[in-house]
Amino acid sequence: MASILVFGETDDTGLTAPTLEMLGAASRLSGDLGGGVALALLGSGLSGAAAAAGPAGADTVYTADSDALASYQTDSYLPVAQAIVEQDSPSVVLMSQSSMGRDLAPRLATRLGTAAIMDSLGLEVDGDRVKATRSCYGGNARQVVTVQTDPQVITVRPKSQDPLEADSSRSAEVVAVNVAEPTLRARTTGKEQAESEGIRLEDAEIVVSGGRGLGGPEAFADLESLAGVLTAAVGSSRAACDLGWYPPSQQVGLTGTVVSPTLYMAIAISGASQHMAGCGGSKNIVAINKDPDAPIFSFSRFGIVDDYKKVLPALEAAFAKALD
Amino acid sequence: MDVIVCVKQIPDPETPAAAFKVDEAAMQVLPAQGISPVISPFDAQAVEAALRIKDASGDGTVNIISLGPDSARDAIKHSLAMGADEGYHLKDDAFEGGDAWTTALALSKAIQHLGVPDVLIFGRQAADWDQGTVGSIVAELLDLPSATVLRAVELNGGSITVSRVVADGFENIDLPTPCVLTISNEFGDPRYPQLRQIMQAARKQVTELTASDLGLDPSEVGAAGSRVQMHALFQPTSDVEVEIIEGDTPEEKAAGLVNALREAKIL
């Protein structure tokens with residue numbers, strides 16, 4: 001029996017970064033809670049990822065390996081997740097605040113007779129409870145909450161926790177989980193991949209983002225040009241995405257992607273709380289905005305007060321020269 | 001097609017950060033001076049999705065349920081003014097201090113009380129607590145298929161086809177009815193009620209339902225029935241001091257910023 005069961009996710013590289021971060025958090029919390037750390041993986045072709053579980057901090061790894069689980073669907077994942085929780089009987093269940101976690105955590109918690117806390121930023125043990133600090137009111141406030149029922153289901157915001165240093169001398173016991181043929185009511189019939197040119201937002205060391213203040217979609221071409229010089233990813237505020245100026249997959253914010261690059265350049269972005277929820281963890285924010293009172297400046301290390309249209313060409317030239 | 005939409009009245013999420021204040025002792029957000037509460041924006045989009053389903057199917061009803069204090073009535077009235085048919089207000093002192101679980105429990109009882117419709121629609125999250133769980137909990141309690149965080153919903157014969165926003169694109173999902181959907185901001189702008197519709201909605205009856213009307217004991221709902229406990233509510237502080245890069249021309253400012261980034265070893 002583990003004290004903490006982490007529902008991990010995998011991609012082409014193995015365990016995803018948020019999974020490694022959750023295992024790091026679970027290792028730290030389990031020291032105070034007592035008991036071990038287990039990882040649950042649902043998917044197809046999991047042996048490589050399962051082998052990485054021990055070095056990343058898991059004592060046990062449950063693998064539900066089946067073609068039927070190749071991609072996340074509520075109806076196929078829910079009964080398998082329930083079976084693993086009932087087998088492991090953890091006191092805490094962690095999931096990432098991902099497309100999967102957002103959908104699965106509340107349904108799984110309800111099925112288990114408990115509740116889920118979503119999108120935690122900080123976790124600490126208090127007796128037998130895990131106190132979670134989370135953002136609310138669009139990032140304007142923080143609340144500290146506990147789940148009073150068991151198990152305590154908590155989703156974790158990507159990049160809010162630190163992974164462990166991988167220790168290749170550690171290994172996890174692998175427990176294979178039987179997967180029955182799922183009964184699908186809602187059925188995924190296809191997927192539209194967002195055009196993913198260049199660097200993934202969540203992996204980028206530098207992100208150049210634009211907001212409503214750009215005035216139109218064509219300005220994103222200028223941002224992409226600057227990003228090319230900086231080897232940066234291009235992001236967008238929710239306002240600009242909602243206006244159809246840039247794809248939703250590039251949205252940075254509470255309802256989009258959370259980024260924490262070394263340098264975040266916010267161009268014509270006002271700095272609404274819900275946007276800061278997605279980029280507030282950046283190590284350095286630079287703001288370019290013609291409004292000197294824009295909230296973004298209060299989160300920024302450096303700022304330029306000017307029309308981005310005038311500054312951007314000069315900035316691209318200056319970066320190109322400096323990085324030559 | 002018959003649709004029920006669950007909506008919530010919340011402090012305006014567009015409230016400027018400077019006007020946003022928290023009473024830490026009471027663990028409550030203080031009403032901002034001169035800024036009226038609104039229907040949660042995702043919920044207005046959910047109502048829009050419901051009205052489009054009704055229009056596309058050519059018949060049926062769109063009914064609205066909201067749980068909350070007196071102010072919840074305004075979210076219902078807004079939905080009626082948009083074109084919804086009937087409103088139901090779950091109003092009882094026993095509901096106070098509840099969490100997502102108790103809210104979803106009461107909503108699911110109300111839905112069963114009214115009859116489970118073809119489609120149940122929620123906003124992806126209420127823009128106050130930002131949890132995003134009530135729709136999924138209701139789906140689980142009523143044992144219905146669900147799809148969450150949707151940017152498009154279409155009627156496809158007797159079934160529903162949706163586009164779900166995921167990290168790297170969109171998924172197309174087919175659902176049978178009855179089913180539960182939650183709508184994301186990518187869905188697009190909801191219709192804005194005209195004055196005439198607002199006047200008509202103002203005259204419409206809203207049916208009030210209490211815990212006992214729904215067969216719920218006061219100990220099951222509100223603070224007594226909650227599974228999540230709040231220990232603190234506060235406003236985050238930023239400790240960054242901004243350095244504004246000055247210059248007479250954009251070129252000077254750009255050069256100044258690049259220098260500053262180099263000196264700070266960020267570049």
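**Entry 1: a strand inside chain A**

I began with strand S15 (residues 263-267) of chain A, where 5 of the 5 residues are buried, so this strand is largely enclosed by the rest of the structure. A reminder to myself before going on: this is a predicted model. Next I looked up which way the side chains of S15(A) go. Leu263(A), Met265(A) and Ile267(A) point one way, while Tyr264(A) and Ala266(A) point the other way. Residues on both faces of S15(A) are buried.

Which strands pair with S15(A)? I found strand S13 (residues 206-210) of chain A, joined to S15(A) in the parallel sense over 5 bridges. I also found strand S16 (residues 284-289) of chain A, which runs parallel to S15(A) and is joined to it by 5 bridges. I then followed one residue, Ala266(A): its bridge partner is Ser209(A), and in S16(A) it stands opposite Ala287(A).

**Entry 2: the cores**

I turned to the nonpolar cores. The largest one has 136 residues. Which residues have the most contacts inside it? They are Val6(A), Leu94(A), Val5(B) and Ile121(B), so I noted names from chain A and chain B alike. I picked Val6(A) and listed its contacts, leaving aside neighbours within four places in sequence. They are Thr19(A), Met22(A), Leu23(A), Ala26(A), Val37(A), Leu39(A), Ala40(A) and Leu94(A). Apart from this core lies another, of 55 residues. Among them I met Ile267(A), together with Met276(A), Ile285(A) and Ala314(A). Ile267(A) was already in my notes as a buried residue of S15(A).

**Entry 3: the domains**

Here I checked how each chain is divided. Chain A has domain 1 (2-176) and domain 2 (201-322). Their C-alpha centres lie 31 Å apart. Between these two domains, the contact takes 7 residues from domain 1 of chain A and 9 residues from domain 2 of chain A. By class, the domain 1 side of that contact has 1 nonpolar, 4 polar and 2 charged residues.

For chain B, the assignment gives domain 1 (3-225) and domain 2 (237-267). The C-alpha centres of these two domains of chain B lie 45 Å apart.

**Entry 4: where the chains meet**

How many residues does each chain bring to the contact? I read 70 residues from chain A and 69 residues from chain B. On the side of chain A that touches chain B, I noted 29 nonpolar, 25 polar and 16 charged residues.

**Entry 5: a sheet with strands from both chains**

I finished with an open sheet of 10 strands, with mixed pairing. I copied down its order: S12(A)-S11(B)-S10(B)-S9(B)-S12(B)-S8(B)-S1(B)-S6(B)-S7(B)-S13(B). Where are its edges? They are strand S12 (187-193) of chain A and strand S13 (206-209) of chain B, each of which pairs on one side only. Neighbouring strands of the sheet are turned by 30° against each other on average, direction ignored.

I looked up two of the pairings in this sheet. S12(A) runs antiparallel to strand S11 (residues 169-175) of chain B, and 6 bridges join them. One place to see this is Lys191(A), whose bridge partner in S11(B) is Glu171(B). Further along, strand S1 (residues 3-6) of chain B pairs with strand S8 (residues 119-123) of chain B in the parallel sense, over 4 bridges. There Ile4(B) stands opposite Leu120(B).

Conventions. Residues numbered from 1 in each chain as written. Chains lettered and ligands numbered in written order. Predicted model: local features only at pLDDT ≥ 70, side-chain atom pairs only at ≥ 80, totals over all residues. Pairing = 2+ DSSP bridges. Axes fitted to C-alpha atoms, helices over the stretch in contact; angles between N-to-C directions. Nonpolar A, V, L, I, M, F, W, Y, C, P; charged D, E, K, R; others polar. Domains from an automatic or database assignment. Core = buried A, V, L, I, M, F, W, Y, C linked by C-beta atoms within 7 Å. Buried ≥ 20, exposed ≤ 12 C-beta atoms within 10 Å, placed from the backbone.
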